[in-house]
Amino acid sequence: MEKYCLILQPIHACGIERLRAHGITPLVGAQACRDAPADQVVAAIYRSGQFSRTEMAQLPFLCAIGVHGVGVDGIDVDAADALGIAVFNTPEMNTRSVAEHALALMFALTKRIPAADSALRAGHFAFKYEGGLRELQGAVLGVVGFGAIGRTTAALARGLGMHVKVLTRRPAADLAALGFTKADSLPALLAHSDIVSLHLPSLPETRHIIDAQALAQMKTSAYLY
């Protein structure tokens, strides 16, 4: 019997070849996944989206669901456990890429890159004289969460000459050894930061951690992403 792996969103070609080398035929794209013979699907790889109990129950021989990234919040893990389906992710495989993207967002905000692009396309060449830009050197970056991506983002920011404050359970001495300062609390971090970068997992206890009250504690000139 031929075995199939559902791959809703594209992955790197080497991943496709590895599946084939192990006797599993990859089905890439929404249409291919919809047309898959349910009784021959043994695995699925997701980059984003939801995988519900109902979907799992329709695939009687599904053995594993791999998440092409860090979070597994889109997967009904309890249902997978009950059905004997292994769920796994790929921690730290995209750490540097996400941290660099976080830095790119920082530049986009502080240099007003999207607005500048729109102005140029509209022929509004005086945009560059209107101000509102700032340098990152010397600015305070507040990093909320200090997992692999948070740590890498903080290190890149420090390389730009930013002062980094971190909200984490880690001891202050450990952060000081890395050149960072530990924030006493979220309100303190929000009040002192010029830019706030969120790097927390999506969990019930982190949901709505930034609300109207938190936003009111920030500088009017600060950025949040």
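**View 1. A pocket of about 940 Å³ is the largest one in this predicted model.** Its lining counts 40 residues. If you want to find the centre, look for V70, G71, L200, P201 and S202, which lie nearest to it. Three elements each give two or more residues to the lining: α5 (95-110), α7 (148-159) and β9. Of these, α5 supplies the largest share, with 5 residues.

**View 2. Five strands line up in an open, parallel sheet.** Reading across, the order goes β8-β7-β6-β9-β10. The edges belong to β8 (181-182) and β10 (223-224), each of which has a pairing partner on one side only. As a reminder of what holds such an arrangement together, strands of a sheet pair through backbone hydrogen bonds, either parallel or antiparallel.

**View 3. Here β6 meets β7 on one flank and β9 on the other.** The contact with β7 (residues 163-167) is made of 5 bridges, and the two strands run parallel. To get your bearings there, pick out V140, which sits opposite H163 of β7. Towards β9 there are 4 bridges, again with the strands running parallel. On that side V143 is a handy marker, as it faces S197 in β9.

**View 4. Moving outwards, β9 hands over to the edge strand β10.** The two strands run parallel and share 2 bridges. V196 has L224 of β10 opposite it. L224 turns up again in the surface patch of the next view, together with L198 and L215.

**View 5. Three leucines make a nonpolar patch on the surface.** The members are L198, L215 and L224, and together they offer about 220 Å² of accessible area. L215 sits in helix α10 (residues 212-216). With a relative accessibility of 45%, L215 falls in the partly exposed class.

**View 6. Strand β4 sends side chains both ways, and all of them end up buried.** From β4 (residues 64-67), A64 and G66 point one way, while I65 and V67 point the other way. That fits the usual habit: in a regular strand the side chains alternate between the two faces of the sheet. One neighbour of β4 is β3 (residues 41-46), joined to it by 4 bridges in a parallel run. Y46 has V67 of β4 as its bridge partner. Another neighbour is β5 (residues 86-88), which pairs with β4 in the parallel sense over 3 bridges. In that pairing A64 stands across from A86 of β5.

**View 7. A salt bridge within helix α1 joins E17 and R20.** The closest N and O atoms of the pair are 3.2 Å apart. Both residues lie in α1 (residues 13-21) with a spacing of 3 residues, about one turn of the helix. E17, at 44% relative accessibility, is partly exposed. R20 is partly exposed too, at 48%. The pair is part of a total of 5 salt bridges.

**View 8. Helix α6 has a salt bridge of its own, between R121 and D117.** Here the N to O distance is 2.8 Å. The two residues are 4 apart in α6 (residues 113-121), so about one helical turn separates them. Which side of the 50% cut-off does R121 fall on? R121 counts as exposed because its relative accessibility is 69%, over that cut-off. D117 has a relative accessible area of 35% and is partly exposed.

**View 9. R134 and D194 bring distant parts of the chain together through a salt bridge.** Their side chains meet at 3.8 Å, N to O. R134 belongs to the loop between α6 and β6 (140-144), whereas D194 comes from the loop between α9 (186-192) and β9 (195-198), 60 residues apart. Is each partner buried or partly exposed? R134 is partly exposed, with a relative accessible area of 31%. D194 is buried, because its relative accessible area of 11% is under the 20% cut-off. The story doesn't stop with two residues, either: K219 joins R134 and D194 in a network of salt bridges.

Definitions and conventions
Residues numbered from 1 in each chain as written. Predicted model: local features only at pLDDT ≥ 70, side-chain atom pairs only at ≥ 80, totals over all residues. Heavy atoms only, no water. Patch = residues over 30% accessible without salt bridge, like charges linked within 9 Å, V, L, I, M, F, W, Y side chains within 5 Å. Areas by Shrake-Rupley, 256 points an atom, 1.4 Å probe, with all protein chains shown as cover. Salt bridge = Lys/Arg side-chain N within 4 Å of Asp/Glu carboxyl O. Buried < 20%, exposed > 50% of the residue type's maximum accessible area, 1.4 Å probe, protein only. Pairing = 2+ DSSP bridges. 1 Å grid on protein atoms, 1.4 Å probe; cavity = no way out; pocket = protein on both sides within 12 Å on 5 of 7 lines; lining within 4 Å. Points joined across faces, edges and corners; volume = space filled by probe spheres on them.
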